[in-house]
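Colleague: Could you take a close look at the salt bridges in this one for me? I'd like the pairs themselves, and then where they sit in the rest of the fold.

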Amino acid sequence: MLNRRHIRVKVMQSIYAMHQHQSDNLDKEEKFLFQSIENTQNLYLLLLSVLIEIKKKETEYIDLASKKHLATQEERQPNLKFINNQILVLLSESESLETALDDNKINNWKLNDDIILALIDSVKESELYQNYMEKSTTSFEEDKFFIIDLYTEVIAPSDRLYDYLEDYKLTWVDDLPGINTLIIKQIKQLKSEKDTLIVPKVYKDEDDKDFVKNLFRRTVLNEVELSKEYIDKTPNWDVERIAEIDTIILKMAICELLKFPSIPTKVTINEYLEIAKEYSTPKSSIFINGILDNLVKEFNRDGKLNKAGRGLL
């Protein structure tokens, strides 16, 4: 579920939080870091369950409306195309997803069905929905791409949904883009109504989980040593005014260069430059790139850059 860049961002945020709280309790902060990462799966499940709950609520509404004493002709013979959408049915009947929702106690929408009802209104008001419902026939592919478009254009951009997620767990805000991309990717991969949606693991493998702990601990425990590597190499920058996020990014990058022999140098530099572009000041990536480029040359000259394997420099 999480790639290495996402892991690096999580570690960076945890180190920043430690600095802000002036905390030196490494075990406590590490525990919080792992909880933050584990919670990304809950966000994934919660967002997928939005689609399930929308289908469920609309089904209930159609059923109740058809039983009204003075039901209209349209209510007696409703258009069932939306609730019979093959992707919505597949998600609703997924045992893997149902088990994961139960195991993780994801029942938020039962307590906040007003958000689901608001989303249903937004769905029905959309031109996308109206065009879909006008077609008398459909295929699995059409159903699939309708849900992908609906999720991308109506559900994911919902301010009401975003505000709820932000209030419920602030750390989810940075996770949203990646999780939304994952959900769309998974739906795209479905080929027929017989396919099964598999809930992905939080970590690709144990190496990624170890990477979280090692990057966090090695950076925090060696912050003073790591800062000495760049402190005299910023002649045009006032060290006291360098953005704190930049100093953390630099320490993490230097830590990877020196203490993670299996990670290619170019990968480390590219990853942290992308993180700087997204999370720091406009000039940060230029500053960080200059420092790291000079450090790599120096480490190579001094024999400090001991990368294992071919093509790792």
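Modeller: Sure, let's go. The count comes to 19 salt bridges, taking a salt bridge as a side-chain nitrogen of Lys or Arg within 4 Å of a carboxyl oxygen of Asp or Glu. Before the pairs, the small print: this is a predicted model, so local features need pLDDT of at least 70 and side-chain atom pairs count only at pLDDT 80 or more, while totals for chains, interfaces and linings use all residues. Residues are numbered from 1 along each chain as its sequence is written, and side-chain values use heavy atoms, with hydrogens and water left out.

Start with R8 and E256, whose side chains meet in a salt bridge at 2.7 Å, N to O. This pair ties together distant parts of the chain: R8 sits in helix 1 (residues 4-21) and E256 in helix 14 (residues 244-259), 248 residues apart. Helices here are DSSP runs of H or I, at least four residues, and strands are runs of E, at least two, numbered from the N terminus. Are these two partners buried or exposed? R8 counts as buried at 2% relative accessibility, and E256 is buried too, at 0%. For the cut-offs, buried is under 20% relative accessible area, exposed is over 50%, and partly exposed is in between (1.4 Å probe, protein chains only). The pair also belongs to a network of salt bridges that links R5, R8, E256 and E271.

Next comes E229, in helix 13 (residues 223-231). E229 forms a salt bridge with K304, with the closest N and O atoms 3.0 Å apart. Again distant parts of the chain are linked, since K304 lies in the segment after helix 16 (284-302), 75 residues from E229. E229 is buried, with a relative accessible area of 12%, whereas K304 is partly exposed at 32%. The two side chains also make a polar contact at 3.0 Å, that is, a pair of N or O atoms within 3.5 Å; within protein, one must be able to donate a hydrogen and the other to accept it, and residues adjacent in sequence count only if both atoms are side-chain atoms. What else is around E229, beyond its neighbours within four places in sequence? Besides K304, E229 is in contact with I254, L258, L295, E298 and F299, where contact means heavy atoms within 4.5 Å.

Then there's a local pair, K297 and D293, with side chains that meet in a salt bridge at 3.5 Å, N to O. Both lie in helix 16, four residues apart, about one turn of the helix. An α-helix has 3.6 residues a turn, so residues three or four places apart point the same way. D293 is partly exposed, with a relative accessible area of 37%.

Now for the setting. The protein has 16 helices and zero strands, and its C-alpha trace spans about 85 × 40 × 35 Å along the principal axes. Of the 313 residues, 47% count as buried. Among contacts with a separation of 6 or more, 82% come from residues 24 or more positions apart.

One more place to look is helix 9 (residues 140-155), whose buried residues include the charged side chains' owners D143 and K144 alongside F140, F146 and I147. Cover for the buried residues of helix 9 includes helix 2 (26-66), helix 4 (86-92), helix 7 (113-125) and helix 11 (172-189).
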